[in-house]
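Biologist: Could we go through this structure together? I would like to begin with the charged side chains.

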Amino acid sequence: MNIVYIQNRASKAGAQHALKRLVTNQKMQKHFIVVITSEKGWLTQELKKYNHIKVLVENFPSSRSLTARIYQNRTWAKRIKKRLEKLDFSPDIIQANEYIENLLTLELSGLYGCKSAVFFRSALMKEKDFYKYRCEKNDIKIAVSDQLREEINSFYKGDVEIVYDFLNNDEFYTPKPKSRNFPKKILVIGNPHPNKGWHIAIEAIKKFAKIYPAVVEEVHFTGKPTSNTKEKIENIKLVFNEKFKNLALSARDFDLVISPSKYESFGLANLEVLAAGVLLLSSKRGVVAKLLDEEFLFEPNIEELYKKLEHLYTNWDKIETNLDKIQKKIKKIFSDTNVAKLLDIYLKVLNWTKRG
(Lines give C-alpha, C1' and ligand atoms only; values in the text may rest on other atoms or scores of the structure.)
Protein backbone atom coordinates (compact mmCIF):
# COMPACT_ATOMS: atom_id res chain seq x y z
CA MET A 1 0.00 0.00 0.00
CA ASN A 2 1.25 3.50 -0.83
CA ILE A 3 0.28 6.03 1.86
CA VAL A 4 0.87 9.78 2.12
CA TYR A 5 0.62 11.60 5.46
CA ILE A 6 0.40 15.39 5.52
CA GLN A 7 1.69 17.12 8.66
CA ASN A 8 2.44 20.83 8.60
CA ARG A 9 4.85 21.39 11.49
CA ALA A 10 7.85 19.16 12.13
CA SER A 11 8.58 20.28 15.69
CA LYS A 12 8.32 17.77 18.53
CA ALA A 13 4.72 17.88 19.74
CA GLY A 14 1.86 15.48 20.36
CA ALA A 15 0.52 15.11 16.80
CA GLN A 16 4.02 14.75 15.36
CA HIS A 17 5.05 12.19 17.96
CA ALA A 18 1.88 10.18 17.34
CA LEU A 19 2.59 10.21 13.60
CA LYS A 20 6.17 9.13 14.14
CA ARG A 21 5.05 6.16 16.26
CA LEU A 22 2.51 5.21 13.59
CA VAL A 23 4.62 5.35 10.43
CA THR A 24 7.70 3.73 12.00
CA ASN A 25 5.75 0.84 13.51
CA GLN A 26 6.81 -2.60 12.32
CA LYS A 27 3.36 -3.23 10.84
CA MET A 28 3.89 -0.20 8.57
CA GLN A 29 7.30 -1.23 7.32
CA LYS A 30 5.96 -3.43 4.51
CA HIS A 31 4.13 -0.42 3.07
CA PHE A 32 5.57 2.60 1.26
CA ILE A 33 5.03 5.89 3.05
CA VAL A 34 5.61 9.53 2.15
CA VAL A 35 5.34 12.21 4.84
CA ILE A 36 4.88 15.76 3.59
CA THR A 37 5.74 18.63 5.92
CA SER A 38 6.36 22.35 5.56
CA GLU A 39 9.67 22.49 7.41
CA LYS A 40 12.67 20.54 8.62
CA GLY A 41 12.65 19.69 12.30
CA TRP A 42 12.42 16.92 14.87
CA LEU A 43 9.98 14.84 12.81
CA THR A 44 11.98 14.96 9.57
CA GLN A 45 15.15 14.02 11.45
CA GLU A 46 13.48 11.04 13.11
CA LEU A 47 11.97 9.70 9.88
CA LYS A 48 15.26 9.80 7.96
CA LYS A 49 16.26 6.64 9.81
CA TYR A 50 13.68 4.47 8.02
CA ASN A 51 14.01 3.04 4.52
CA HIS A 52 10.26 2.63 3.90
CA ILE A 53 9.60 6.34 4.52
CA LYS A 54 10.35 9.30 2.25
CA VAL A 55 10.01 12.85 3.54
CA LEU A 56 9.09 15.80 1.33
CA VAL A 57 9.53 19.33 2.68
CA GLU A 58 7.42 21.88 0.82
CA ASN A 59 6.12 25.25 2.05
CA PHE A 60 2.41 25.07 2.86
CA PRO A 61 0.17 27.79 1.35
CA SER A 62 -0.95 30.58 3.64
CA SER A 63 -3.54 33.18 2.61
CA ARG A 64 -6.53 34.95 4.14
CA SER A 65 -8.22 35.31 0.75
CA LEU A 66 -10.41 32.33 -0.20
CA THR A 67 -9.64 32.77 -3.92
CA ALA A 68 -5.91 32.95 -3.26
CA ARG A 69 -6.06 29.97 -0.91
CA ILE A 70 -7.82 27.81 -3.51
CA TYR A 71 -5.26 28.78 -6.18
CA GLN A 72 -2.30 28.25 -3.85
CA ASN A 73 -3.59 24.85 -2.69
CA ARG A 74 -3.90 23.67 -6.29
CA THR A 75 -0.44 24.93 -7.14
CA TRP A 76 0.97 23.21 -4.05
CA ALA A 77 -0.73 19.92 -4.95
CA LYS A 78 0.66 20.06 -8.50
CA ARG A 79 4.18 20.63 -7.16
CA ILE A 80 3.82 17.68 -4.80
CA LYS A 81 2.48 15.47 -7.60
CA LYS A 82 5.57 16.21 -9.70
CA ARG A 83 7.83 15.36 -6.76
CA LEU A 84 5.97 12.09 -6.13
CA GLU A 85 6.24 11.19 -9.80
CA LYS A 86 10.02 11.56 -9.56
CA LEU A 87 9.89 9.03 -6.72
CA ASP A 88 7.76 6.74 -8.92
CA PHE A 89 5.16 6.90 -6.16
CA SER A 90 1.40 6.86 -6.74
CA PRO A 91 -0.65 7.02 -3.52
CA ASP A 92 -3.54 4.75 -2.62
CA ILE A 93 -4.43 6.77 0.50
CA ILE A 94 -3.65 10.37 1.41
CA GLN A 95 -4.20 11.19 5.08
CA ALA A 96 -4.24 14.51 6.93
CA ASN A 97 -2.64 14.13 10.35
CA GLU A 98 -5.06 16.78 11.66
CA TYR A 99 -8.10 18.57 10.24
CA ILE A 100 -6.10 21.76 9.52
CA GLU A 101 -4.15 19.84 6.85
CA ASN A 102 -7.32 18.56 5.22
CA LEU A 103 -7.79 21.09 2.40
CA LEU A 104 -4.37 20.15 1.02
CA THR A 105 -5.18 16.48 1.50
CA LEU A 106 -8.37 16.79 -0.54
CA GLU A 107 -6.61 18.82 -3.22
CA LEU A 108 -3.85 16.25 -3.66
CA SER A 109 -6.16 13.23 -3.51
CA GLY A 110 -8.33 14.92 -6.15
CA LEU A 111 -5.38 15.10 -8.54
CA TYR A 112 -4.79 11.38 -8.12
CA GLY A 113 -8.40 10.27 -7.83
CA CYS A 114 -7.40 8.28 -4.75
CA LYS A 115 -8.95 7.89 -1.31
CA SER A 116 -8.57 10.60 1.32
CA ALA A 117 -8.51 10.33 5.11
CA VAL A 118 -8.31 12.70 8.06
CA PHE A 119 -7.33 12.31 11.72
CA PHE A 120 -9.17 14.34 14.33
CA ARG A 121 -6.80 15.11 17.19
CA SER A 122 -7.77 18.55 18.51
CA ALA A 123 -10.22 19.08 21.36
CA LEU A 124 -10.60 22.66 20.13
CA MET A 125 -12.09 21.72 16.75
CA LYS A 126 -15.64 23.07 16.42
CA GLU A 127 -18.45 22.29 13.99
CA LYS A 128 -17.54 25.33 11.87
CA ASP A 129 -13.93 24.07 11.64
CA PHE A 130 -15.11 20.62 10.55
CA TYR A 131 -16.99 22.09 7.60
CA LYS A 132 -14.54 24.92 6.88
CA TYR A 133 -11.87 22.28 6.21
CA ARG A 134 -14.40 20.14 4.28
CA CYS A 135 -13.92 17.13 6.52
CA GLU A 136 -17.29 15.74 5.44
CA LYS A 137 -15.71 15.07 2.01
CA ASN A 138 -13.13 12.53 3.19
CA ASP A 139 -13.57 8.84 2.47
CA ILE A 140 -12.20 8.03 5.93
CA LYS A 141 -12.68 10.06 9.11
CA ILE A 142 -10.80 8.96 12.22
CA ALA A 143 -10.98 10.30 15.77
CA VAL A 144 -8.18 9.41 18.19
CA SER A 145 -10.51 9.18 21.20
CA ASP A 146 -14.08 8.26 22.10
CA GLN A 147 -14.67 11.78 23.41
CA LEU A 148 -13.69 13.34 20.08
CA ARG A 149 -15.94 11.02 18.11
CA GLU A 150 -18.86 11.83 20.42
CA GLU A 151 -18.29 15.55 19.91
CA ILE A 152 -18.14 15.16 16.12
CA ASN A 153 -21.21 12.93 16.05
CA SER A 154 -23.16 15.64 17.88
CA PHE A 155 -23.25 17.60 14.59
CA TYR A 156 -22.14 15.11 11.91
CA LYS A 157 -24.10 11.90 11.45
CA GLY A 158 -21.73 10.10 9.08
CA ASP A 159 -19.26 7.37 10.01
CA VAL A 160 -16.31 8.35 12.19
CA GLU A 161 -13.88 5.58 13.11
CA ILE A 162 -11.79 5.44 16.28
CA VAL A 163 -8.09 4.60 16.14
CA TYR A 164 -6.30 5.42 19.36
CA ASP A 165 -2.85 6.89 19.57
CA PHE A 166 -0.55 4.39 21.23
CA LEU A 167 2.73 3.73 23.02
CA ASN A 168 5.39 1.21 22.09
CA ASN A 169 6.37 -1.57 24.48
CA ASP A 170 9.85 -0.10 24.98
CA GLU A 171 8.30 3.07 26.42
CA PHE A 172 7.17 1.29 29.61
CA TYR A 173 9.24 1.29 32.80
CA THR A 174 8.86 -0.51 36.10
CA PRO A 175 6.59 1.63 38.31
CA LYS A 176 8.45 3.75 40.85
CA PRO A 177 7.66 2.89 44.48
CA LYS A 178 5.64 5.59 46.19
CA SER A 179 7.94 8.02 47.99
CA ARG A 180 8.04 7.70 51.76
CA ASN A 181 6.78 11.25 52.23
CA PHE A 182 4.71 13.59 50.08
CA PRO A 183 6.96 14.70 47.18
CA LYS A 184 9.09 17.79 47.75
CA LYS A 185 9.73 18.11 44.01
CA ILE A 186 6.83 18.15 41.51
CA LEU A 187 6.75 18.23 37.69
CA VAL A 188 4.04 20.11 35.78
CA ILE A 189 3.72 18.95 32.16
CA GLY A 190 2.32 20.67 29.07
CA ASN A 191 3.43 24.02 27.69
CA PRO A 192 2.91 27.74 28.47
CA HIS A 193 -0.25 28.04 26.35
CA PRO A 194 -3.17 29.19 28.56
CA ASN A 195 -5.17 26.09 27.60
CA LYS A 196 -2.53 23.88 29.21
CA GLY A 197 -3.36 25.30 32.63
CA TRP A 198 0.04 26.17 34.08
CA HIS A 199 -1.52 29.17 35.83
CA ILE A 200 -3.97 26.77 37.50
CA ALA A 201 -1.08 24.66 38.82
CA ILE A 202 0.86 27.70 40.06
CA GLU A 203 -2.11 29.21 41.91
CA ALA A 204 -3.18 25.87 43.41
CA ILE A 205 0.34 25.12 44.64
CA LYS A 206 0.62 28.68 45.98
CA LYS A 207 -2.55 28.15 48.03
CA PHE A 208 -1.33 24.73 49.18
CA ALA A 209 2.03 26.21 50.26
CA LYS A 210 0.36 28.89 52.40
CA ILE A 211 -1.59 26.29 54.37
CA TYR A 212 1.08 23.57 54.32
CA PRO A 213 4.41 25.42 54.27
CA ALA A 214 7.77 23.69 53.80
CA VAL A 215 6.19 20.64 52.11
CA VAL A 216 6.86 21.34 48.42
CA GLU A 217 10.31 22.79 47.68
CA GLU A 218 10.55 22.75 43.87
CA VAL A 219 8.08 22.83 40.97
CA HIS A 220 9.46 22.10 37.50
CA PHE A 221 7.74 22.83 34.17
CA THR A 222 8.27 21.27 30.73
CA GLY A 223 8.93 24.52 28.92
CA LYS A 224 9.91 28.16 29.16
CA PRO A 225 7.94 30.71 31.21
CA THR A 226 5.67 33.37 29.77
CA SER A 227 4.57 36.66 31.29
CA ASN A 228 1.68 34.80 32.95
CA THR A 229 3.90 32.15 34.55
CA LYS A 230 6.88 34.17 35.78
CA GLU A 231 5.35 34.87 39.18
CA LYS A 232 6.96 33.35 42.26
CA ILE A 233 5.71 31.18 45.07
CA GLU A 234 7.23 32.05 48.40
CA ASN A 235 9.83 29.48 49.55
CA ILE A 236 9.27 27.31 46.46
CA LYS A 237 11.72 27.19 43.56
CA LEU A 238 10.07 27.34 40.13
CA VAL A 239 12.16 25.77 37.38
CA PHE A 240 11.19 26.30 33.72
CA ASN A 241 13.01 23.88 31.40
CA GLU A 242 13.52 23.54 27.71
CA LYS A 243 11.29 20.77 26.37
CA PHE A 244 12.59 17.44 27.63
CA LYS A 245 14.14 15.24 24.96
CA ASN A 246 12.59 12.23 26.65
CA LEU A 247 9.59 13.01 28.84
CA ALA A 248 9.45 9.51 30.33
CA LEU A 249 13.05 9.51 31.54
CA SER A 250 12.77 13.06 32.84
CA ALA A 251 9.51 12.30 34.64
CA ARG A 252 11.23 9.48 36.55
CA ASP A 253 13.24 12.12 38.42
CA PHE A 254 9.97 13.09 40.15
CA ASP A 255 7.57 11.31 42.48
CA LEU A 256 4.52 13.30 41.38
CA VAL A 257 3.55 14.82 38.01
CA ILE A 258 0.66 17.25 37.52
CA SER A 259 -1.18 17.64 34.21
CA PRO A 260 -3.50 20.69 34.57
CA SER A 261 -4.63 20.95 30.93
CA LYS A 262 -8.01 22.57 30.24
CA TYR A 263 -8.42 20.84 26.86
CA GLU A 264 -7.24 17.40 25.72
CA SER A 265 -8.66 15.21 22.98
CA PHE A 266 -6.32 12.35 23.84
CA GLY A 267 -3.48 13.44 26.15
CA LEU A 268 -0.51 11.38 24.96
CA ALA A 269 1.92 12.99 27.42
CA ASN A 270 -0.22 11.73 30.30
CA LEU A 271 0.12 8.17 29.03
CA GLU A 272 3.87 8.64 28.64
CA VAL A 273 4.15 9.64 32.30
CA LEU A 274 2.09 6.66 33.47
CA ALA A 275 4.06 4.32 31.20
CA ALA A 276 7.20 5.75 32.81
CA GLY A 277 5.82 4.42 36.09
CA VAL A 278 5.30 7.80 37.74
CA LEU A 279 2.33 8.95 39.83
CA LEU A 280 0.10 11.36 37.88
CA LEU A 281 -2.43 13.90 39.14
CA SER A 282 -4.40 15.00 36.08
CA SER A 283 -7.31 17.12 34.94
CA LYS A 284 -10.32 15.13 33.73
CA ARG A 285 -9.40 15.65 30.11
CA GLY A 286 -8.52 13.05 27.50
CA VAL A 287 -8.29 9.28 27.87
CA VAL A 288 -6.53 9.44 31.24
CA ALA A 289 -9.92 10.11 32.86
CA LYS A 290 -10.76 6.45 32.17
CA LEU A 291 -7.48 5.17 33.61
CA LEU A 292 -7.04 6.98 36.92
CA ASP A 293 -9.03 6.68 40.14
CA GLU A 294 -11.07 9.71 41.15
CA GLU A 295 -8.57 10.81 43.81
CA PHE A 296 -6.01 11.46 41.05
CA LEU A 297 -8.41 13.46 38.84
CA PHE A 298 -9.66 17.05 39.05
CA GLU A 299 -11.62 19.58 37.04
CA PRO A 300 -9.06 22.08 35.70
CA ASN A 301 -9.56 24.89 38.18
CA ILE A 302 -7.51 26.18 41.10
CA GLU A 303 -9.81 25.07 43.91
CA GLU A 304 -10.20 21.48 42.70
CA LEU A 305 -6.47 21.01 42.17
CA TYR A 306 -5.74 22.48 45.60
CA LYS A 307 -8.23 20.06 47.21
CA LYS A 308 -6.62 17.08 45.44
CA LEU A 309 -3.16 18.15 46.59
CA GLU A 310 -4.48 18.51 50.14
CA HIS A 311 -6.15 15.08 49.95
CA LEU A 312 -2.97 13.39 48.73
CA TYR A 313 -0.85 15.12 51.36
CA THR A 314 -3.11 14.36 54.31
CA ASN A 315 -3.69 10.76 53.22
CA TRP A 316 -0.25 10.01 51.75
CA ASP A 317 0.40 6.93 53.89
CA LYS A 318 -2.84 5.30 52.69
CA ILE A 319 -2.61 6.27 49.01
CA GLU A 320 -2.41 3.33 46.57
CA THR A 321 -0.81 4.25 43.26
CA ASN A 322 -1.91 1.11 41.29
CA LEU A 323 0.57 2.05 38.56
CA ASP A 324 1.12 -1.58 37.56
CA LYS A 325 -2.62 -2.07 36.90
CA ILE A 326 -2.82 1.24 35.01
CA GLN A 327 0.10 0.22 32.79
CA LYS A 328 -1.62 -3.07 31.97
CA LYS A 329 -4.71 -1.12 30.84
CA ILE A 330 -2.60 1.15 28.67
CA LYS A 331 -0.84 -1.82 27.06
CA LYS A 332 -4.18 -3.47 26.33
CA ILE A 333 -6.06 -0.47 24.91
CA PHE A 334 -3.39 1.90 23.63
CA SER A 335 -1.02 -0.56 21.97
CA ASP A 336 0.07 -0.92 18.36
CA THR A 337 -2.97 -3.10 17.67
CA ASN A 338 -4.34 0.28 16.64
CA VAL A 339 -1.96 0.23 13.66
CA ALA A 340 -3.52 -3.01 12.45
CA LYS A 341 -6.97 -1.46 12.95
CA LEU A 342 -5.99 1.55 10.83
CA LEU A 343 -4.62 -0.65 8.06
CA ASP A 344 -7.84 -2.68 8.07
CA ILE A 345 -9.83 0.55 7.63
CA TYR A 346 -7.65 1.48 4.66
CA LEU A 347 -8.06 -1.95 3.09
CA LYS A 348 -11.83 -1.87 3.53
CA VAL A 349 -12.18 1.52 1.83
CA LEU A 350 -9.85 0.43 -0.98
CA ASN A 351 -11.85 -2.80 -1.28
CA TRP A 352 -8.64 -4.78 -0.95
CA THR A 353 -8.05 -7.99 0.95
CA LYS A 354 -5.11 -8.53 3.30
CA ARG A 355 -1.89 -9.54 1.62
CA GLY A 356 0.87 -11.44 3.28
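Modeller: Let us begin with arginine 9, which is partly exposed, with a relative accessible area of 46%. Please note that this is a predicted model.

Biologist: Which residue forms a salt bridge with arginine 9?

Modeller: The partner is glutamate 39, and the closest N and O atoms are 3.3 Å apart. The two belong to distant parts of the chain, 30 residues apart. Arginine 9 sits in the loop between strand S1 (2–6) and helix H1 (14–24), while glutamate 39 sits in the loop between strand S2 (32–37) and helix H2 (42–47).

Biologist: And why is glutamate 39 classed as partly exposed?

Modeller: Because its relative accessibility is 23%, and the partly exposed class lies between the buried limit of under 20% and the exposed limit of over 50%.

Biologist: How many salt bridges are there in total?

Modeller: The count comes to 20 salt bridges. Lys20, Glu46 and Lys49 are linked in a network of them.

Biologist: What about lysine 290; what does it pair with?

Modeller: Lysine 290 forms a salt bridge with aspartate 146, with 3.9 Å between the closest N and O atoms. Lysine 290 is in the loop between strand S12 (280–283) and strand S13 (297–298) and aspartate 146 is in helix H6 (residues 146–153), so the bridge ties together parts 144 residues apart in sequence.

Biologist: Is lysine 290 buried or exposed?

Modeller: Lysine 290 counts as exposed, at 62% relative accessibility. Aspartate 146, at 23%, counts as partly exposed.

Biologist: Where does lysine 284 fit in?

Modeller: Its side chain meets that of glutamate 294 in a salt bridge of 2.7 Å, N to O. Both residues lie in the loop between S12 and S13, ten residues apart in sequence. Lysine 284 is partly exposed at 28%, and glutamate 294 is partly exposed at 46%.

Biologist: Changing topic to the helices: at what angle do H7 and H10 pack?

Modeller: Helix H7 (residues 198–211) and helix H10 (residues 302–314) pack at about 45 degrees, with their axes 8 Å apart. That angle makes H7 oblique to H10. The crossing of H7 past H10 is right-handed.

Biologist: Which residues make the contact?

Modeller: On H7 they include Ile200, Ala204, Ile205 and Phe208. On H10 they include Leu305, Tyr306, Leu309 and Tyr313.

Biologist: And what is the make-up of that contact by class?

Modeller: The contact of H7 with H10 has eleven nonpolar, no polar and four charged residues. Glu203 and Lys207 of H7 are among the contact residues, as are Glu303 and Glu310 of H10.

Conventions
Residues are numbered from 1 along each chain as its sequence is written. This is a predicted model: local features need pLDDT of at least 70, side-chain atom pairs count only at pLDDT 80 or more; totals for chains, interfaces and linings use all residues. Side-chain values use heavy atoms; hydrogens and water are left out. Axes are lines fitted to C-alpha atoms, for helices over the stretch in contact, and angles run from 0 to 180 degrees between N-to-C directions. Helices (H or I, at least four residues) and strands (E, at least two) are DSSP runs, numbered from the N terminus. Angles under 35 degrees count as roughly parallel, over 145 as roughly antiparallel, 65 to 115 as roughly perpendicular and the rest as oblique. A crossing is left-handed if the near helix is turned anticlockwise from the far one by less than a right angle, and right-handed if clockwise. Contact means heavy atoms within 4.5 Å. Ala, Val, Leu, Ile, Met, Phe, Trp, Tyr, Cys and Pro count as nonpolar, Asp, Glu, Lys and Arg as charged, and the others, Gly among them, as polar. A salt bridge is a side-chain nitrogen of Lys or Arg within 4 Å of a carboxyl oxygen of Asp or Glu. Buried means under 20% relative accessible area, exposed over 50%, partly exposed in between (1.4 Å probe, protein chains only).
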